[in-house]
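Student: I am new to this structure and would like to go through it slowly, one question at a time. Could you show it to me before we begin?

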Amino acid sequence: MTIILSTLNARYTHASLGLRYLQANMGDLQSQTEIMEFVIGGKTTEFAERLLAKNPQIIGFGVYIWNVEETARLVALIKRVAPHIKIILGGPEVSFETAEQAIVKDADFVITGWGEITLPDLCRQILNGPQPLMKIHVGVQAKLDDLQLPYSLYTDDDIKNRTLYVEASRGCPFKCEFCLSALDKTAWPFELERFLAEMETLYSARRAAI
């Protein structure tokens with residue numbers, strides 16, 4: 001597999017909506033892209049072995065407050081044993097503070113903020129050239145109507161055994177001082193009929209799965 005999108009979830013029952021959004025919007029690279037999710041508290045060497053067994057050229061990691069330390073160890077290990085693999089970081093924990101973090105220093109690239117447009121563009125540059133010159137890439141905000149929604153990427157196993165996350169809007173209307181989501185100070189709602197149609201399809205898949 002050419003591209004792997006990965007993260008360390010807090011529990012197995014948590015299915016990453018962010019990774020599925022990214023895969024859904026990889027365009028011509030979608031068939032070369034695979035999601036691999038792990039759970040914090042596991043063995044870093046085992047995670048690395050499973051990722052490297054796929055022989056990827058690019059691995060993208062979603063980095064959050066609950067997994068940044070373990071992901072940093074995983075990134076450092078992969079770069080030691082397979083330095084040719086390009087590591088791309090994204091997620092809230094690397095979107096606002098990049099200069100001092102060890103995980104950023106070990107990675108090849110960082111996408112701050114939105115990833116659905118910027119990630120596939122960056123991957124195409126890595127795979128086809130010209131090679132990207134900058135390490136930090138500010139994510140381009142996609143128009144919600146242009147996004148491919150990710151709910152069809154939930155598998156039967158996800159539906160049977162995991163918490164399925166959905167979003168009716170991007171951003172957050174609240175201003176909680178402790179939360180990074182409050183920095184946007186804006187929420188962008190998805191078109192209601194489109195969202196409800198996706199929920200109906202997801203609900204029908206759930207009924208069929210159980």
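Student: Is Lys54 buried, partly exposed or exposed?

Tutor: Before answering, note that this is a predicted model, in which local features need pLDDT of at least 70 and side-chain atom pairs count only at pLDDT 80 or more, while totals for chains, interfaces and linings use all residues. Residues are numbered from 1 along each chain as its sequence is written, and side-chain values use heavy atoms, with hydrogens and water left out. Buried means under 20% relative accessible area, exposed means over 50%, and partly exposed lies in between, with a 1.4 Å probe and protein chains only. Because its relative accessibility is 33%, Lys54 counts as partly exposed.

Student: Which side chain meets that of Lys54 in a salt bridge?

Tutor: A salt bridge here is a side-chain nitrogen of Lys or Arg within 4 Å of a carboxyl oxygen of Asp or Glu. Lys54 lies in the loop between H2 and E3 while its partner is in strand E2, so the pair ties together parts that are 20 residues apart in sequence; helices (H or I, at least four residues) and strands (E, at least two) are DSSP runs, numbered from the N terminus. At 3.2 Å, N to O, the partner of Lys54 is Glu34.

Student: In what order do the strands of the open sheet lie?

Tutor: Two strands pair if DSSP finds at least two bridges between them, and the pairing in this open sheet of six strands is parallel. Its edge strands, each pairing on one side only, are E2 (33-39) and E6 (136-138). Read across the sheet, the order is E2-E1-E3-E4-E5-E6.

Student: What is the bridge partner of Ile3 in E3?

Tutor: Strand E1 (residues 3-9) is joined to E2 in the parallel sense over seven bridges, and to strand E3 (residues 58-62), again in the parallel sense, over five. In E2, Ile3 is bridged to Thr33. In E3, its bridge partner is Ile58.

Student: What angle does the direction of helix H1 make with that of E2?

Tutor: Helix H1 (residues 17-24) packs on the sheet and touches E1 and E2, where contact means heavy atoms within 4.5 Å. Seven of the eight residues of H1 are buried, and they pack against E1, E2, H5, helix H6 (156-161) and strand E7 (169-171). Axes are lines fitted to C-alpha atoms, for helices over the stretch in contact, and angles run from 0 to 180 degrees between N-to-C directions. On that basis, the angle between H1 and E2 is about 175 degrees.

Student: Which residues are joined with Arg20 into one network of salt bridges?

Tutor: Arg20 is buried, with a relative accessible area of 3%, and its side chain meets that of Glu37 in a salt bridge of 2.9 Å, N to O. Glu37 is in strand E2 and Arg20 in helix H1, 17 residues apart, and Glu37 counts as buried too, at 18% relative accessibility. Through salt bridges that share partners, the network joins Arg20 with Glu37, Asp158 and Arg162.

Student: How far from Glu70 is the nearest side chain of opposite charge?

Tutor: Glu70 has its place in helix H3 (residues 68-81) and is buried yet without a salt bridge. For charge, Lys and Arg count as positive and Asp and Glu as negative, while His and the chain ends are not counted. Leaving aside neighbours within four places in sequence, Glu70 is in contact with Leu8, Ile40, Gly41 and Gly42. The nearest side chain of opposite charge is that of Arg73, at 4.6 Å.

Student: Which element supplies the largest share of the largest nonpolar core?

Tutor: A nonpolar core is a set of buried Ala, Val, Leu, Ile, Met, Phe, Trp, Tyr and Cys residues joined through side-chain atoms within 4.5 Å. The largest one has 25 residues, and those with the most contacts inside it are Leu51, Phe61, Ile78, Ile87, Leu89 and Ile103. E1, E2, helix H2 (44-52), E3, H3, strand E4 (86-90) and helix H4 (102-106) each supply at least two of its residues. The largest share, six residues, comes from H3.
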